[in-house]
4 protein chains.
Amino acid sequence: MIVILKQGVNDQKIQELVSRFEQMGFSCHKSRGEHTTILGIIGDTSRVDIEAVRAIEIVEDVKRVSEPYKTVNRKFHPEDTVISVPAGGRGAAKIGGGHFAVIAGPCSVENEEQIVAIAREVKKSGATMLRGGAFKPRTSPYSFQGLHEEGLKLLKTARKETGLPIVTEIMDLSHLEYFDDIDVIQVGARNMQNFELLKALGHTGKPILLKRGLANTIEEFLMSAEYIMSGGNAQVILCERGIRTFETMTRNTLDISAVPVLKRVSHLPVIVDPSHAAGLPWLIEPLSKASVAAGADGLMIEVHNDPSCALSDGSQSITPAQFDAVMGRIKALVSFEGKKMS
Amino acid sequence: MIVILKQGVNDQKIQELVSRFEQMGFSCHKSRGEHTTILGIIGDTSRVDIEAVRAIEIVEDVKRVSEPYKTVNRKFHPEDTVISVPAGGRGAAKIGGGHFAVIAGPCSVENEEQIVAIAREVKKSGATMLRGGAFKPRTSPYSFQGLHEEGLKLLKTARKETGLPIVTEIMDLSHLEYFDDIDVIQVGARNMQNFELLKALGHTGKPILLKRGLANTIEEFLMSAEYIMSGGNAQVILCERGIRTFETMTRNTLDISAVPVLKRVSHLPVIVDPSHAAGLPWLIEPLSKASVAAGADGLMIEVHNDPSCALSDGSQSITPAQFDAVMGRIKALVSFEGKKMS
Amino acid sequence: MIVILKQGVNDQKIQELVSRFEQMGFSCHKSRGEHTTILGIIGDTSRVDIEAVRAIEIVEDVKRVSEPYKTVNRKFHPEDTVISVPAGGRGAAKIGGGHFAVIAGPCSVENEEQIVAIAREVKKSGATMLRGGAFKPRTSPYSFQGLHEEGLKLLKTARKETGLPIVTEIMDLSHLEYFDDIDVIQVGARNMQNFELLKALGHTGKPILLKRGLANTIEEFLMSAEYIMSGGNAQVILCERGIRTFETMTRNTLDISAVPVLKRVSHLPVIVDPSHAAGLPWLIEPLSKASVAAGADGLMIEVHNDPSCALSDGSQSITPAQFDAVMGRIKALVSFEGKKMS
Amino acid sequence: MIVILKQGVNDQKIQELVSRFEQMGFSCHKSRGEHTTILGIIGDTSRVDIEAVRAIEIVEDVKRVSEPYKTVNRKFHPEDTVISVPAGGRGAAKIGGGHFAVIAGPCSVENEEQIVAIAREVKKSGATMLRGGAFKPRTSPYSFQGLHEEGLKLLKTARKETGLPIVTEIMDLSHLEYFDDIDVIQVGARNMQNFELLKALGHTGKPILLKRGLANTIEEFLMSAEYIMSGGNAQVILCERGIRTFETMTRNTLDISAVPVLKRVSHLPVIVDPSHAAGLPWLIEPLSKASVAAGADGLMIEVHNDPSCALSDGSQSITPAQFDAVMGRIKALVSFEGKKMS
């Protein structure tokens, strides 16, 4: 950690600050320039509160040199994490370390016929997991909010029919009890910094699919994964799903660079959700292919049998027939990249 | 609502869509241009799911003409809402409609001596409410997370000593029971779209201080207030606290325009938090003054007796002596603007 | 064009506005809702000044229904534009319509030995054009600003040695005379809305490589291309090179979605510059592959024989050996996508 | 400057790098931590190319400790710069150091009657300078582009009639000869990094009003001012006019914090353009007042006699009568803040 001191600070005050750091167990190197004096603080500074140091009277600015995240850091865990997702105890889909996963299904679970039919279709096309929302975060209180427990029950029916593991979003800590028999618990973008929820999920033994918040940096994203992992749960799947920028032709801006950056600094699997990133069905194919080529470990795609009648987010879904065509191209590219879908 | 149809759509499909809207109780006006045909949908379209319409095969795009928010809309409630905040049953601070509130105090409650001393100091300088965090949302799992219930207890002690109403943040729905005797419940920026929490707060009888999310539009901010108001709780205070942009010299970018925009489209009181917006103590004075001049109904300012020893966010706090100096300028300007602090 | 009127406007004023549009040759459809009246303006509205309409007293808002760009619009030119770039009169590289181009070379031309050596190396690895800066836009007046005319001369030497067409940036209209014998003139991101320059380039017969500005929307990008094309020059290559967002781990955020969006709405070829988008050499390979997979028609990559001694932007360059390795992967993927490099 | 080295670098390579810096005249301090070694480079590093250092093989990252700007830096010029603007040789308006300027007038000069009438009106209301565009940067090639030389002539007529100094925008270096008798030359947001233009303006003896680019950081803004000042022209007025963010209710987001930040780090006068920042006439008053309260040295406001007939940007203009009412409030607040308009 580098501490930059204000101009014209006297030696006694500098010495007091040095002593303060030394008492905390750090060693301190002082460099005095013409206009600026800096201190290099050496030791494990990840637990130092950078804001408190910045508030010290003689301090101009503070810069971190090492990453504030540990358990998710590839430096301390060089091999790829591979997560095995059982389907209610039977079989398993894998993700990470050469295993590519495709999670497909409707934005919302609407009824048994719908979710079972879509599950069958996406499985036939090659999806390895089924998604479907039961608890839906909606901007407007007047929009459909999901079927709740009933929706989870229908997902399990679809799993039973197809053998696909199920992925569904938790919106609030108080619903955690309902997710006992869910295979992957999804944390939505709006909840990426719902720290109480993250802490609780750190104590479950379940794979967690963590979506990046619309305005969160890659570092904050990793710190949220750190909340889960530091609680003891090492099964975290990172999901890039678009960030908020000034561009309005797409709903969000897919940060494709986040894929190779996350793969480099962390050992966790990284997937992309092109449906939410773009908000336009005809962008799903090119963005899916770009994600595979950039090194992603999987995709999450919205598929609905009748997008114009969907109770939520219909406009970004594709039909099962469209999904089948897109999957043809995705499977070829995954294989070209030397990964396997299983 | 305007529905723009794709090029070359045949008349029969258009007629089917028109019938569909008419069956939903809307009337439809069709305008056919050289390249484009549009439909004007007339009626209360705030409950129509714009995404589902966009997903209809023959639809190119959809644009809303009227606002999706109702209870918070000034069109249906032209007078300013004035919120009275009792201090644990005694006295009251007011906000809105010419009443200007200053909410001051530390980022985190640390111990009784600290919070009581700061409460006394800020009251002497003219603050009308006391803030202090007991549950702290922190980016890192390794940072201080607050004193929790003990912190709430200490805030009540400070209220008893000073008569100042207390404002403190709720982080999770499961903690709601602890907030029974809190005067104003704050919803932090990261929870602005924690819809389960908003719904629950809509059923309390308490003033809610709702902070704008870092990447949320003004419209989404109002929709979150709509969640609370549509549940029956009309006491919502809107707080602008900076949005995330590319600029790095300040922690966030204070969206000062949001103040007059919110005052124009909504009847709710609007305050500004310059401490979180800027992240730099020397910006608190100019940003506070700008907020008053732009028409804000109040301010929320972090004050700490020893910023460099603060357990969280010390670097953006000012000392009680600095706060006293800033308050001198704020009070003069509030009075110049014809508002009263009470 | 949809004109939304303010609430409570009287019929006479509406009729005056309708007459005004009719006198301009448009037809007008009026839809009166409960709270809002809208006018649909029908005809070629691309020449209407939307701001002037918005300023009319009874107007609340105006929304465009058709695109403001024409010559670059795929609607009026469905086939892909293919641009042939001769190398100083000899041979030609092609771009667009199935032809994939790779433009490689150093950020700045430094001396003859450097540029000729790099040109030979990148040609051997499969690059189809040579880039190199002679006029360099630099944030600081104290940084190296390029070799100017001497740099252009050295580029021509390298072209003579290798037969590669040369691409180089123009910084100011007053330098246009020096670009007579340059094969492709590049307009940098900072000049994307230098309209005097765009107009002048519209009257040259040369291919123009137009880079998207850091904060420019896709629509503004196309309007700048429209400046060039409406002047009579149809040879415009669009280049996505990253936009400015809050993320700091990468220098800019590559907007990968811009590639398929631009390809869909325009007939012009689209390339990607991963070097400037990311600012990090290890991101060039994954971002290049993502661009190919997303449908780009080419790439522009910085290659320098000694990045640490580069006089500008060294940190984002790769060495010829690294470029050769990356090109192996790019060529395989281009071929997999059914395009050819020539 | 702090150079952070990669993990596991051997001592010999570090020593070579140290020698390299020492040969350039710097001294070097080395701090070796458990995981990281850093070098503190001491001396005038503003001329070091940070990118070239970052490209060195053993370097992980580089951070600047001192600002890259010099002549604009308040550290080396503690007193406020006051700029005197003569009106074609007669009289003078002042800006900076307690002098507050209001620059008002139409977006575009349209004809003599219009510009003279507006000039008279804004002078009567208290404006200290007249603005008006003759060369207009327009997003669309089909929009009105200004009257060019004829527009400049009309501005001089208006100056003669009113004695107000005139401020007008230059779009291209090739037009510089026409600006000989213009009092303040404006550089628009899109030209903030048109470095050839900035260099040329650094050799004129005229006050330059430099607008911040839509996506430019405060540091880049100051570096552009540095281009002008390092050429010998110390009369630079900085103008904040809104930055581009995700918010769509306002055209841009006024970065009000930029005012106190610029005033703190630079000695140059700082003004605000609320018309372009917001794009909505009813926001001009609150944003103007916010700017005064935040410490601005002036304002630039668009005034048009008939906004709905304006040939450009009508929707953001206010009428002379509205301007007169706004000026009443601005003058009172300027006086309250202890500044004078002259």
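Which residue of chain C comes closest to the rotation axis? C:A290 does, with its C-alpha at 2.0 Å. This is a predicted model, in which local features need pLDDT of at least 70, side-chain atom pairs count only at pLDDT 80 or more, and totals for chains, interfaces and linings use all residues. Residues are numbered from 1 along each chain as its sequence is written, while chains are lettered from A and ligands numbered from 1 in the order in which they are written.

**View 1. Chains C and A across their axis.** A turn of 180 degrees and a shift of 0.0 Å along the axis lay chain C on chain A, with an RMSD of 0.1 Å. Copies are superposed by least squares on the C-alpha atoms of residues with pLDDT of at least 70 in both. The two copies are thus related as by a two-fold rotation axis. Both use the same surface: 100% of the contact residues of chain C recur in chain A. Residues are in contact if their C-beta atoms, placed from the backbone, lie within 7 Å.

**View 2. Chains A and B across their axis.** Chain A superposes on chain B by a rotation of 180 degrees with 0.0 Å of shift along its axis, at an RMSD of 0.1 Å. In chain A, A:A215 has the C-alpha nearest this axis, 2.7 Å from it. Again the same surface serves both copies, and 100% of the contact residues of chain A recur in chain B.

**View 3. The open sheet of chain D.** Four strands of chain D line up in the order β2-β3-β1-β4, with antiparallel pairing. Strands (E, at least two residues) and helices (H or I, at least four) are DSSP runs, numbered from the N terminus. Two strands pair if DSSP finds at least two bridges between them. β2 (27-32) and β4 (59-63) of chain D stand at the edges with a single partner strand each, so one side of each has no neighbour in the sheet. From one strand to the next, the twist averages 20 degrees. Angles run from 0 to 180 degrees between N-to-C directions, and axes are lines fitted to C-alpha atoms, for helices over the stretch in contact.

**View 4. Strands β1 and β3 of chain D, with helix α1.** Three bridges join β1 (residues 2-5) to the antiparallel β3 (residues 37-42) in chain D. D:I4 stands opposite D:I38 in β3(D). Helix α1 (residues 11-23) of chain D packs on the sheet and touches β1, β2 and β3 of chain D.

Terms used: Contact = placed C-beta atoms within 7 Å.
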